[in-house]
Amino acid sequence: MTVYFIGAGPGAEDLLTLRAHRLIQQCQVCLYAGSIVPESVLAATPDNARLINTARMPLDAITEEIQRAHAEGLDVARLQSGDPSVYSALAEQARRLTVLGIDYEIVPGVPAFAAAAAALGHELTVPTVGQTVVLTRVSGRASTMPERENLPDLARSHATLCIHLAAHDIERVVTELSPEYGESCPVAVVAFASRPNEHIVRGTLADIAQKVHEAGISRTAVIIVGSVLGAEGFPDSYLYSDDRPRDAEGRTIPCVH
């Protein structure tokens, strides 16, 4: 018996990996995180599978369901939105399974920030403009931020910020980033990326809060802040340069000094 922590992606069924889809089809027990896992994804479960909505369940109750499946020898598909490596609350679950001696595996999925960038039609790293992407959030009821991981400190890097779980607090985001990025810095907010109800709002730190409120966006959104969103006139990547020495497989040949 194995518990599979499956990255269900940002929402679109066809963004599931082949491995994720195969496991969802095979597992007799499926734990899913409420409405953030679309019904179209759940449709792939076996006809006789036990489907359990964990949205209102405390961790102890979720663990009990996994223990029940373990006693019955049934594999469990634990569907997490996006990718399990980011904001999935996987660590707490895995810690308990380790104590209980229950095997688990992690199946990666498409993360929300990647789906948001795709919806915007943007690369998040642009030559000479931005080469660092920071994934972060703001403090809230779910989790406080560690010391030094606050927006004003992170803003000093001027990196591209992908801010999760913060659309409800957009004014705070603007207030804490504006001193470093400037009010003219481009911002995009993508809600429900990849889903039929996907909604994109573009603006700057000067006007994005008003636009987000007017759009009625308060959850399931990623806020992307950085000059890469408005980058123009940048040089081509060295990857495409005629001056780049390549071997027979097209790999860069290191310079010898």
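Which residues are linked with Arg-50 in a network of salt bridges? The legends below, for a predicted model, begin with the whole chain and reach the answer in the second figure.

**Figure 1. Overview of the predicted model.** The protein contains 8 helices and 10 strands. Its C-alpha trace spans about 60 × 55 × 35 Å along the principal axes. Of the 257 residues, 43% count as buried. Among contacts with a separation of 6 or more, 66% come from residues 24 or more positions apart. The exposed area is about 13,900 Å², and carbon and sulfur atoms supply 50% of this area. The side chains include 20 positive and 31 negative ones, with the centres of the two sets 4 Å apart.

**Figure 2. Salt-bridge network around Arg-50.** Glu-65, Arg-68 and Glu-72 are linked with Arg-50 in this network of salt bridges. Within the network, the side chains of Glu-72 and Arg-50 meet at 3.1 Å, N to O. This pair links distant parts of the chain, with Glu-72 in helix H3 (residues 59–72) and Arg-50 in strand S3 (residues 50–53), 22 residues apart. Glu-72 has a relative accessible area of 42% and is therefore partly exposed. Arg-50 also falls in the partly exposed class, because its relative accessibility is 22%. Side chains of opposite charge can pair when their charged atoms come close.

**Figure 3. Two further salt bridges, Arg-156 with Asp-153 and Arg-172 with Asp-169.** The structure holds 9 salt bridges in total. The side chains of Arg-156 and Asp-153 meet at 2.2 Å, N to O. Asp-153 is buried, because its relative accessible area is 16%, and the cut-off for buried is under 20%. For Arg-172 and Asp-169, the N to O distance is 3.5 Å. Arg-172 is partly exposed, with a relative accessible area of 28%.

**Figure 4. Nonpolar surface patch at Leu-135.** Tyr-87, Val-133, Leu-135 and Leu-165 make a nonpolar patch of about 310 Å² on the surface. One of these residues, Leu-135, belongs to strand S6 (residues 133–137). Leu-135 counts as partly exposed because its relative accessibility is 30%.

**Figure 5. Positive phi at Thr-128 and Ser-194.** Most residues other than glycine have a negative phi. Thr-128 is not a glycine, yet its phi is positive, at about 65°. The residue sits in the loop between helix H5 (112–120) and S6. With a relative accessible area of 65%, Thr-128 is exposed. Ser-194 is likewise not a glycine and has a positive phi of about 80°. The loop that holds Ser-194 runs between strand S8 (186–191) and S9. Ser-194 counts as partly exposed, at 25% relative accessibility.

**Figure 6. Ala-44 and its contacts.** Ala-44 is placed in the loop between H2 and S3. Is Ala-44 buried or exposed? Its relative accessibility is 15%, so Ala-44 counts as buried; the cut-off for that class is under 20%. Leaving aside neighbours within four places in sequence, Ala-44 is in contact with His-21, Ile-24 and Gln-25. From Ala-44 to Arg-22, the C-alpha to C-alpha distance is 8.8 Å, at a sequence separation of 22 residues.

**Figure 7. Loop position of Ser-35.** Ser-35 is located between strand S2 (29–32) and helix H2 (39–42), in the connecting loop. Ser-35 counts as exposed because its relative accessibility is 60%, and the cut-off for exposed is over 50%. Along the chain, Ser-35 and Leu-23 are 12 residues apart, and 20 Å separates their C-alpha atoms.

**Figure 8. Loop position of Asp-207.** The loop between strand S9 (199–204) and helix H8 (208–215) contains Asp-207. Asp-207 has a relative accessible area of 27% and is therefore partly exposed. The C-alpha atoms of Asp-207 and Gly-73 are separated by 55 Å, and the two residues are 134 residues apart along the chain.

Notes. Residues are numbered from 1 along each chain as its sequence is written. This is a predicted model: local features need pLDDT of at least 70, side-chain atom pairs count only at pLDDT 80 or more; totals for chains, interfaces and linings use all residues. Side-chain values use heavy atoms; hydrogens and water are left out. Patches are made of residues with over 30% relative accessible area and no salt bridge: like charges are joined within 9 Å, nonpolar side chains (Val, Leu, Ile, Met, Phe, Trp, Tyr) within 5 Å. Accessible areas come from the Shrake-Rupley method with a 1.4 Å probe; for residues, only the protein chains shown count as cover. A salt bridge is a side-chain nitrogen of Lys or Arg within 4 Å of a carboxyl oxygen of Asp or Glu. Helices (H or I, at least four residues) and strands (E, at least two) are DSSP runs, numbered from the N terminus. Buried means under 20% relative accessible area, exposed over 50%, partly exposed in between (1.4 Å probe, protein chains only). Contact means heavy atoms within 4.5 Å. Lys and Arg count as positive and Asp and Glu as negative; His and the chain ends are not counted. The place of a charge is taken as NZ of Lys, CZ of Arg, CG of Asp or CD of Glu.
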